[in-house]
Amino acid sequence: MAGQSALLAAALAGAVLGTTAGDWRPWSLVAALLGLAFVGQFLSVPTGRVRIGPAFVATALAMALLGPAPAAAIAVAAMLPWSLKARTPRPLLFNNVVALTTYAVAGGLLFKALGDPGDAAVAELSTVLIVFAVYLATNFLNFLLIVGYLCLRDRTSLIAAVRDVYLPVVPWEIATGTLTAATVVAYQELGLVAVAMLAVLLVSYRHLLRSVVAVERQRDELREQVEELEALHHGVIRVMVETLGMRDRMTARHSAAVARFSRATAAAAGLSVREQELVHTAGLLHDIGKFTFPDHTLTGVRLTEEDWELIRSHPQRGADIVRRVRGYADVAEIILCHHERIDGLGYPRNIAGDDIPVLARLLSVADCFDVMTARDSYRATIPIEAALAELRRVAGTQLDARFVEVFVGVVMGSGMDFRHGDAGELEAELGGRAGGRSAYRPSRR
Ligand SMILES: [Fe+2]
């Protein structure tokens, strides 16, 4: 408060000492700039934490064409009614008065020191450069005075504020600085007509700016909605997999392993991040169709021909369930085809070769490997080396030979942990998804 008062006193002293009676003339220009500043406050557009608008242009013109005291008077007089109407808190209002007075007087004095731009004797180019430079410098000073106070009050970083709040509006400052410089030069020829043209330009520019800001806001809202929808989707999938895990730990662990192996294989095969996440999700859900089966079929002990018939329906059942989640048609398609074979002898559709979706062919490799090597599998487990040899043996008939080789390469060379984890494995795979960092985004179809 004491610092602000001292600054205000210094600015007022500078205004008194640096201003002559002639600086207040012509009165028509004082009135025009006051009007422009007043309307400019009204037309300002909030962008993030600051409002930008034409009021600064009016003040800058007053600094250049009038003098320190008229510039400060115009800046404060234009701001006060709006601040009072908005019930700006007193300390903040006082700081705004200090900031506007200080920067306007500083600008006015700078113009006097560098050569009066209103003086026809000063060359046009140097006028433009001086106005432009003083405009940018004083605006930054104003920003520091206003935001610096807020940073002190809220104990936040001024450097961060400059980076996050000031730098994004620099293009606007450059544009209005150029406009101000051009208007100062034009004023010497055209008088108030130049100010009127500037006003028209600023109003239409402000209209454009508001549209841009509105579009950005809509984009942010839309992004938020999409993220919420994705979180909802992931929640639904998570509930499905966790429910399966509660009923059948073996299938849940297997699903987590297949998801992990499939993503690693997809990455090694050079597939896109989206495909990697897609096949990971499909891995988690590929046996979800078994959820509907009676308990004894899950253990795989003493199954009848009818039981096998039922088990063979799990790709279709799983796909039917997952397809109901909007945006998961691609995942459902992989689930439907994960027991198809390259030679066409698989099920349920008996499709062959390239007719089988690429990611279903990839997932089949991981699926077979895990069934062969998992401790909890209902078949006898075999060592990893033997399992890889078996994958190679059936490459080209049962499995896609390309993905078998990629998979073998991943297991042999990656150092990835292909031992079978415990019950926590499912949680780890779901956790990776819930983080959302690289989670599969449902297609918008
Ligand atoms: Fe399966």
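These legends go with a set of close-up views of a predicted model. Residue numbers start from 1 along each chain as its sequence is written, and side-chain values rest on heavy atoms, with hydrogens and water left out. In this predicted model, local features need pLDDT of at least 70 and side-chain atom pairs count only at pLDDT 80 or more, while totals for chains, interfaces and linings use all residues.

**View 1. The iron ion and its donors.** Here Asp287 (OD), His314 (NE2), His338 (NE2) and His339 (NE2) coordinate the iron ion at 2.2 to 2.4 Å. Donors are N, O and S atoms within 2.8 Å of the metal (3.2 Å for Na, K and Ca), and since water is not among the atoms, sites may look incomplete. Along the chain, the donors of the iron ion are spaced as D-x26-H-x23-H-H. Asp287 sits in the loop between helix 11 (273–285) and helix 12 (295–299), and His339 in the loop between helix 15 (329–336) and helix 16 (358–373), so this pair links distant parts of the chain, 52 residues apart. Helices are DSSP runs (H or I, at least four residues), numbered from the N terminus.

**View 2. Angles and burial at the iron site.** The 4 donor atoms subtend angles of 80 to 167 degrees around the iron ion, so the arrangement is irregular. Irregular is whatever is left over: four donors are tetrahedral if all angles lie between 85 and 135 degrees, and four are square planar and six octahedral if opposite donors are over 155 degrees apart and all others between 65 and 115. Asp287 counts as buried because its relative accessibility is 3%, whereas His339 is partly exposed at 23%. Buried means under 20% relative accessible area, exposed over 50%, and partly exposed in between (1.4 Å probe, protein chains only).

**View 3. A ring cluster around Phe143.** The aromatic pairs come to 9, counting rings of Phe, Tyr and Trp (its six-membered ring) with centres within 6.5 Å; planes under 30 degrees apart are stacked, over 60 edge-to-face, and the rest tilted. Phe143 and Tyr166 make a tilted pair, 5.0 Å centre to centre with 50 degrees between the planes. Phe143 belongs to helix 6 (residues 124–154) and Tyr166 to helix 7 (residues 158–166), 23 residues apart. Phe143 is buried, at 9% relative accessibility, and Tyr166 is buried too, with a relative accessible area of 9%. Ring pairs join Phe140, Phe143 and Tyr166 into a cluster.

**View 4. Phe261 meets Phe407.** This aromatic pair is edge-to-face, at 6.1 Å centre to centre and 70 degrees between the planes. Phe261 comes from helix 10 (residues 249–268) and Phe407 from helix 18 (residues 401–413), 146 residues apart. Phe261 is buried, with a relative accessible area of 0%, and Phe407 counts as buried at 0%.

**View 5. Helix 8 against helix 9.** Helix 8 (residues 170–190) and helix 9 (residues 192–247) pack at about 160 degrees, their axes 8 Å apart. That makes the two helices roughly antiparallel. Axes are lines fitted to C-alpha atoms, for helices over the stretch in contact, with angles from 0 to 180 degrees between N-to-C directions; under 35 degrees is roughly parallel, over 145 roughly antiparallel, 65 to 115 roughly perpendicular and the rest oblique.
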